[in-house]
Amino acid sequence: MNDLVDPIEKPHALNVDGPFYSVDQGCAFCGAPHVAAPDLMGWEEKEEYSYPIHCFFKRQPETPEEIEQAIQAMDWSCVQNLRYRGTTPDILEKLCNMGYRHLCDALVEE
């Protein structure tokens with residue numbers, strides 16, 4: 001099982017519990033993460049707006065393919081709004097190798 005550390009940033013309220021999350025008020029609603037991981041990403045929508053206002057993880061990845069999609073969503077996020085607070089070594093290593101150590105809550109030094 002994947003252990004979780006406390007999130008470094010405040011997660012958006014609609015994220016499901018788990019290691020991947022979007023930062024509250026950090027989304028630029030570019031839609032790129034939704035293309036990378038359509039089954040994992042959701043949109044917060046409000047009636048008074050005619051467009052989505054924030055992305056979030058509606059479901060956590062369960063398979064290796066979905067983990068790759070979540071990582072790709074992090075990579076495609078235009079404002080680096082998506083973070084990982086898990087401790088799975090393979091995922092942390094991959095994100096570090098991609099230059100995203102700063103998006104891994106377990107590795108960020110406070």
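**Loops, aromatic cluster and helix packing in the predicted model**

Q25 sits in the loop that joins β1 to α1 (32-36). In this predicted model, the residue stands out for its backbone: phi is positive, at about 60 degrees, although Q25 is not a glycine. With a relative accessible area of 71%, Q25 is exposed. A second glutamine invites a look alongside it. Q80, found in the loop between α2 and β4, also has a positive phi, here of about 50 degrees, and it is not a glycine either. Q80 is partly exposed, its relative accessible area being 35%.

Before going further into the fold, a word on confidence is welcome. The mean pLDDT of the protein is 90, and 91% of the residues reach 70 or more. Confidence is lowest in strand β2 (residues 41-44), where the mean is 88, and highest in helix α3 (residues 89-97), where it is 98. As a general caution, predicted coordinates should not be read in detail where pLDDT is low.

The aromatic residues make a good next stop. Two aromatic pairs are present in the structure. In one of them, F20 and F57 adopt a tilted arrangement, with 5.8 Å from centre to centre and 35 degrees between the planes. This pair links distant parts of the chain, given that F20 belongs to strand β1 (residues 20-22) and F57 to strand β3 (residues 54-57), 37 residues apart. Both F20 and F57 are buried. F20 also pairs with Y84, again in a tilted arrangement, at 4.9 Å centre to centre and 50 degrees between the planes. Because F20 lies in strand β1 and Y84 in strand β4 (residues 82-84), this pair ties together parts that are 64 residues apart in sequence. Taken as a group, F20, F57 and Y84 form one aromatic cluster. The accessibility values fit the picture: F20 counts as buried at 1% relative accessibility, and Y84 counts as buried at 0%.

A further aromatic residue, W43, is found in strand β2. At 26% relative accessibility, W43 counts as partly exposed. Its position can be set against that of P33: the two residues are ten apart in sequence, and their C-alpha atoms are 11 Å apart in space.

The cysteines come next. The structure holds zero disulfides. For C96, the closest cysteine sulfur is that of C104, and the 5.0 Å between the two sulfurs is too far for a bond, since a disulfide requires sulfur atoms within 2.5 Å. C96 is partly exposed, with a relative accessible area of 28%. C55, by contrast, is buried, at a relative accessible area of 4%.

Finally, the helices can be considered as a pair. The axes of helix α2 (residues 64-76) and helix α3 come within 11 Å and cross at roughly 30 degrees. The two helices are therefore roughly parallel to each other, as angles under 35 degrees count as such. The crossing by which α2 passes α3 is right-handed. Helix α3 is also the element where confidence is highest.

Notes: Residues numbered from 1 in each chain as written. Predicted model: local features only at pLDDT ≥ 70, side-chain atom pairs only at ≥ 80, totals over all residues. Heavy atoms only, no water. Phe/Tyr/Trp six-rings, centres within 6.5 Å; stacked < 30°, edge-to-face > 60°. Helix = DSSP H or I, 4+ residues; strand = E, 2+ residues; numbered from the N terminus. Buried < 20%, exposed > 50% of the residue type's maximum accessible area, 1.4 Å probe, protein only. pLDDT = per-residue confidence, 0-100. Axes fitted to C-alpha atoms, helices over the stretch in contact; angles between N-to-C directions. Parallel < 35°, antiparallel > 145°, perpendicular 65-115°, else oblique. Left-handed = near helix turned anticlockwise from the far one by under 90°.
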